Structure formats: structure tokens, C-alpha cells
Amino acid sequence: MSMKVLITGCQGFIAKNLAQHLKKQGHYVVGLDKKLKTSDPVFVDEFHGHNMENKITIENDFDRVYHLSADVPNSKYVGSAQMATGRSNPVQSIHALDFAAKNKSHFIYACSAMMYNTDHQGHNGPDLNEDEHLWPARPEKLYGMEKLYNMQLVQEYAKYYNMKVALPIFHAQYGPHLDIFENSKVVAAMCVKILNASDPGEIEIWGDGTQIRSFCYIDDLMIGLDKLIEHNVQVPVNMGSDEAITMTQLADMLIEISGKTLKKKYLPTGPAGCMRRNADNTKIMKLTGWKPSYPIKDGLRITYEWVSKCLAQKK
């Protein structure tokens, strides 16, 4: 059945892929974002320029609201950005929730693995699960704390307004349409470093290379979101890959894809983040049958080729 869907933050990485995914299913997709950047592709059927720190004023007749809008601290300047994100993101979420509540739209909120208690994210830490490692709260910086607060707020709205909600906890998604110019995350940043490096040459890696992450390809994420709605899962659930790798392994895979001969220079004082963050997908597998299926090398190859085309077009 065709539905009318709203995506906040529609020009972000996940949102661009989501808009294309939903349109292929026959849904009419409306998007909100602050403004369009030059040459930035638009995949929604209908775009509205809107700052989510203000109330949403468009016609309220949506079956679903995907709230993906959020200010995300840049890895290089994470300290100076905490005040802005900590203030802005809860306000954005309240406006999105108020809008969805009026029409009892199915509300999907993008939680983050940065909500998890950092005490469990050392080298020998466990695979993170939703029932044991979120509470007591000790998330990574203010961004993780406001994500945790917003998750709780969504659950309260669901009870008070009798709304359907979904609470996917995203773990290091990657794929086409990653931001590679302003606030690039590790996969995009690594691709750019390798593409810009001389051959033979050298690339820099923040930290000592032993940090562990589980990277989830964007197409797997789209299927997972469908499964949450199909099975009406309203509790927080991880959505990440169970194939955890180190930053050194990530670099080696991308260097192999590039065909270049590159050495790795480690920067132990660089912003390395936590030492280990890997998703335990037991709950979502039990509730929906979803598990990621895209091999990481295949996903990285597609992503590397996409980043290469973007850099070539920029020159």
C-alpha cells in the first residue's frame, strides 16, 4: 500500500538512501532540511527548506515520520560542537514528535551506538546489547547523552499518545552518499585519504589502528528498517554488522581495493574514539529475522568507487 512519508534531515547520508528506497516501494516522500547545497542531489518527491529548531508547519497527513535530522559533531572538533548539538537536537526531536503525535504517524527515530555506556567499550569489552549496556548511563560525550534522552522521550510519547514507534540503534553505516567534504566519518575519510595519496605513498590513521568497529552497509540498513515496521518492533534494537574489524584492517581492505602501495602512519594522539564498539544483533534477529548480509569487502568496494567519482567531479 502506498503511503505518504516524511523524512527530516532529508539531505543526510542515511536519508538520501532511505528516500530512494521508499520511492522504489511506491511511497510518496516529503523531505525537510535546512537548505540545499550546490549540486547536492535531491531524492525526495517534495522538498521543504526548514530548520528543525522551529515547529513543522506543513500539512500534517503522513503515515510515517522518519526523524533523521540531527546536528552531528565533527570528529576533528567534537569538543567545540557539543554545546550546539546538545541544545539543538532535543529541540528538533520535540518538534518532530509533536508533529507526528497530532496525526499518530508511525515515528521512526535514529538512535546512535554512541548512547552505550563507555565502560563497556574497552579493548576487551563485550558485544553491546540493548538490555545490559545502555544503563546505567555513561554515553560518549553530550551527543550520546542527548540521543539517549531522545530515545527515552520517544518511548514516553508512544505511551502517552498511543503512537507506533521504532528505535533502531545505528552502528557505523557506510555506502554511497556519505559526506566526504564537511563531516566525513571513518570509511569516507579513509577512502579520501587513499584516493589523494601518491602511489607509492603513505596515509595517516588516527589512533594506533586497534580500535574496533562493526560497519553496516546502507542497503542492509534499509531492509532492517522495513523489518522493524513490518514486525511492529517498538523497543530499542541494534542495527549493525556482526563482522567487527580494526581500523588497520579497514585501511588494508581499502588499500587493496585501490591497488596502490601505501604505508600506514599511526597518530596515537589523534581523535581515536572508543577502543571497541560492536553490535550484538541477537534481539533484532529474534524479533524480525533481520541480519546483515552484505560482505564488508563488497560494500567497501562500492563505497570506494562512489567516493572516487565524487572527488573526480569536484576537480
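**Salt bridges, strands and a buried histidine**

Lys264 and Asp252 form a salt bridge, with their closest N and O atoms 2.8 Å apart. The pair links distant parts of the chain: Lys264 sits in strand E14 (residues 262–267) and Asp252 in helix H6 (residues 247–258), 12 residues apart. Lys264 is partly exposed, with a relative accessible area of 28%. Asp252, at 34% relative accessibility, also counts as partly exposed, because the partly exposed class runs from 20% to 50%. The model is a predicted one, and the distances and areas given here are computed from it.

Side chains of opposite charge can pair when their charged atoms come close. With a cut-off of 4 Å between a side-chain nitrogen of Lys or Arg and a carboxyl oxygen of Asp or Glu, the count comes to 9 salt bridges. One of them joins Asp119 to Arg138, where the closest N and O atoms are 2.5 Å apart. Both residues lie in the loop between strand E6 (111–112) and helix H3 (141–161), and they are 19 residues apart. Arg138 is partly exposed, its relative accessible area being 48%.

Another salt bridge brings together the side chains of Asp131 and Lys283, at 2.8 Å from N to O. Asp131 lies in the loop between E6 and H3, while Lys283 belongs to helix H7 (residues 282–288), so this pair ties together parts of the chain that are 152 residues apart in sequence. Asp131 has a relative accessible area of 61% and is therefore exposed, since exposed means over 50%.

Helix H6, which holds Asp252, also takes part in the packing of a sheet. That sheet is open and consists of 3 strands in the order E13-E10-E15, with mixed pairing. Its edge strands are E13 (244–246) and E15 (276–277), each of which pairs on one side only. H6 packs on this sheet and touches E10 and E13, its direction making about 85° with that of E13. Strand E10 (residues 212–214) pairs with E15 in the parallel sense over 2 bridges. In this pairing, Ile212 has Arg276 of E15 as its bridge partner.

Strands of a sheet pair through backbone hydrogen bonds, either parallel or antiparallel. Parallel pairing is also found towards the start of the chain, where strand E1 (residues 4–8) pairs with E2 in the parallel sense over 5 bridges. Within that pair, Thr8 stands opposite Leu32 in E2. Between the two strands the chain passes through helix H1 (residues 13–24), and this β-α-β crossover is right-handed. E2 also pairs with strand E3 (residues 46–49), in the parallel sense and over 4 bridges. There, Val30 has Glu46 of E3 as its bridge partner. Strand E2 (residues 28–33) is mostly covered, with 5 of its 6 residues buried.

What surrounds His106, leaving aside residues up to four places away in sequence? His106 touches Asp63, Arg64, Val65, Lys164, Val165, Ala166, Ile229 and Asn232. The residue lies in strand E5 (residues 106–109). His106 has a relative accessibility of 9% and so counts as buried, because buried means under 20%.

Notes: Residues are numbered from 1 along each chain as its sequence is written. This is a predicted model: local features need pLDDT of at least 70, side-chain atom pairs count only at pLDDT 80 or more; totals for chains, interfaces and linings use all residues. Side-chain values use heavy atoms; hydrogens and water are left out. Buried means under 20% relative accessible area, exposed over 50%, partly exposed in between (1.4 Å probe, protein chains only). Contact means heavy atoms within 4.5 Å. Two strands pair if DSSP finds at least two bridges between them. Axes are lines fitted to C-alpha atoms, for helices over the stretch in contact, and angles run from 0 to 180 degrees between N-to-C directions. A crossover is right-handed if, with the strands pointing away from the viewer, the path from the first strand over the helix to the second runs clockwise.
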